[in-house]
Amino acid sequence: MLKSLAVGAVGLLVLAVFPLLAADDKPAGAPGTDEQAAAAKQRAGGAAANADPSAASDWAMNATIIEACSCPMFCQCYFSTEPAGHAAGHEGHAAHGDGGEHYCKFNNAYKVNHGHFGNVSLDGAKYWFNGDLGDDFSKGEMNWGVLTFDPSVKPEQRAGIITAMRQAYPVKWKSFTVAKDATVEWKADKDHAVAKLDGGKAAELSLKRFPGNDGGEPVVIHNLKYWGTPRNDGFVLMPNEIEATRKVPQGQKPYEFKGTNGFMITFDITSKDAAPAAAAKGMSGKKS
């Protein structure tokens with residue numbers, strides 16, 4: 001679900017479904033961001049809310065995502081600067097075409113396979129990210145997003161997760177909040193992937209493998225950039241049976257889609273990968 005990465009030589013922005021905006025990185029004039037930042041600090045803990053790449057010089061994360069969005073299969077956001085158009089009356093279905101409203105409403109459920117933040121292990125941490133990329137992300141700004149941690153994730157782990165995710169999804173949000181902790185259920189094999197947030201009361205994902213040429217293995221897209229991560233094992237295509245967000249920030253509407261884009265992916269990123277980007281940012285004087 002996000003995009004600030006160039007895809008190959010074409011220089012287009014990519015999307016994915018997980019981006020983190022620290023409280024002090026909020027866009028100027030974003031509605032309600034001061035209140036949201038205060039709430040985020042209170043819920044996620046000061047260390048996590050103020051996480052900064054310099055807080056630990058040595059960190060790494062390898063995580064698998066169950067991901068789905070409102071775009072038709074396969075999400076065009078990875079090849080364009082705007083999401084798919086959705087014709088009026090087709091909400092909740094795999095509407096195609098360029099007409100109507102443009103949006104990419106997503107749900108991402110994460111499980112850290114292995115990782116660390118300094119001497120803190122990130123292994124097994126689960127969290128959820130959902131929201132809407134908006135209608136045009138050509139300038140690297142998305143509409144809204146909500147991050148939710150499973151209650152088992154410790155404050156010091158949250159700091160590491162936020163640090164890694166800020167590097168993985170280097171974008172800005174008009175509205176970004178950290179929600180109250182909620183249980184993240186996460187289960188997947190090569191045929192199905194199911195995830196629920198707060199037992200499905202807050203959000204839900206169910207994906208089913210798309211059969212490959214031999215019928216037994218899934219279709220996998222390789223050599224495609226996933227946001228700011230330097231390595232991934234491929235996009236395992238799994239159209240969603242349901243992709244729903246039922247609890248949303250004030251001013252937004254719940255959404256539910258069936259038969260639209262879905263996939264699983266495992267990405268890998270470390271502090272060594274982030275260092276060149278940070279150095280380039282400092283040399284150019286520009287803030288990403």
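This is a short walk through one structure, from a sheet to a helix, the nonpolar cores and the aromatic rings.

Okay, hi everyone. Before anything else: what we're looking at is a predicted model, so please keep that in mind the whole way through.

Let's start with a sheet. There's an open one with five strands, in the order 11-12-13-17-18, and the pairing is antiparallel. Which strands sit at the edges? Those are strand 11 and strand 18, residues 255-257, and each of them pairs on one side only. From one strand to the next, the twist averages 5°.

Now zoom in on strand 12, residues 192-197, which has strand 11, residues 184-188, as an antiparallel partner; five bridges join the two. Strands 11 and 12 make a hairpin, and three residues lie between them. If you want to follow the register on screen, find W186, which stands opposite A195 in strand 12. Then find E185, which is opposite K196.

Strand 12 also pairs with strand 13, residues 203-208, again antiparallel, and here there are six bridges. For the register on this side, H192 faces K208 in strand 13, and A195 stands opposite L205. So A195 comes up twice: it has W186 across from it and also L205 in strand 13. Strands 12 and 13 form a hairpin as well, with five residues in between, and D198 in that turn has a positive phi of about 55°.

One general thing that helps here: in a regular strand, side chains alternate between the two faces of the sheet. Have a look at strand 12 with that in mind. Its covered face has A193, A195 and L197, while H192, V194 and K196 make up the uncovered one.

Moving on to helix 3, residues 155-168. How does its length compare with what it should span? With 14 residues at 1.5 Å a residue, we'd expect 20 Å, and the end C-alpha atoms are 20 Å apart, which agrees. What about its surroundings: is it enclosed or not? Twelve of its 14 residues are buried, so helix 3 is largely enclosed by the rest of the structure. Among the buried ones are Q157, R158, I161, I162, M165 and R166, if you'd like to click through a few.

That takes us to the nonpolar cores. The largest one has 47 residues, and the members touching the most others are M61 and Y226. Several elements give two or more residues to this core, including strand 3, strand 6 (105-117), strand 9 (141-149), strand 10 and strand 19 (262-270). Helix 3 provides the largest share, with six residues. There's also a second, separate core of 17 residues, and I66, V184, A202 and V236 are in it.

Two quick stops at single residues. V178 lies in strand 10, residues 172-178. Why does V178 count as buried? Because its relative accessibility is 4%, and the cut-off for buried is under 20%. V178 is also 29 residues away from F149 in sequence, but the two are 8.3 Å apart in space, going C-alpha to C-alpha.

The other stop is E67, in strand 3, residues 59-69. Its relative accessibility is 2%, so E67 counts as buried too. The side chain of E67 has a polar contact of 3.2 Å with the side chain of N108.

Last topic, the aromatics. Searching the whole structure turns up 20 aromatic pairs. Take F129 and W173: they're edge-to-face, 5.5 Å centre to centre, with 70° between the planes. That pair links distant parts of the chain, with F129 in strand 8 and W173 in strand 10, 44 residues apart. Both F129 and W173 are buried.

Then there's Y226 with F267, and this pair is stacked: 6.2 Å centre to centre and 20° between the planes. It links distant parts of the chain too: Y226 is in the loop between strand 14 (220-221) and strand 15 (231-232), F267 is in strand 19, and they are 41 residues apart. Y226 and F267 are both buried.

And those two belong to one aromatic cluster, along with F74, Y78, Y169, W227, F235 and F263. If you only find one residue afterwards, try Y226: we met it in the largest nonpolar core, and again in this cluster.

That's it from me, thanks!

Key. Residues are numbered from 1 along each chain as its sequence is written. This is a predicted model: local features need pLDDT of at least 70, side-chain atom pairs count only at pLDDT 80 or more; totals for chains, interfaces and linings use all residues. Side-chain values use heavy atoms; hydrogens and water are left out. Two strands pair if DSSP finds at least two bridges between them. Helices (H or I, at least four residues) and strands (E, at least two) are DSSP runs, numbered from the N terminus. Axes are lines fitted to C-alpha atoms, for helices over the stretch in contact, and angles run from 0 to 180 degrees between N-to-C directions. Buried means under 20% relative accessible area, exposed over 50%, partly exposed in between (1.4 Å probe, protein chains only). A polar contact is a pair of N or O atoms within 3.5 Å; within protein, one must be able to donate a hydrogen and the other to accept it, and residues adjacent in sequence count only if both atoms are side-chain atoms. The expected span of a helix is 1.5 Å times one less than its number of residues. A nonpolar core is a set of buried Ala, Val, Leu, Ile, Met, Phe, Trp, Tyr and Cys residues joined through side-chain atoms within 4.5 Å. Rings of Phe, Tyr and Trp (its six-membered ring) pair if their centres lie within 6.5 Å; planes under 30 degrees apart count as stacked, over 60 as edge-to-face and the rest as tilted.
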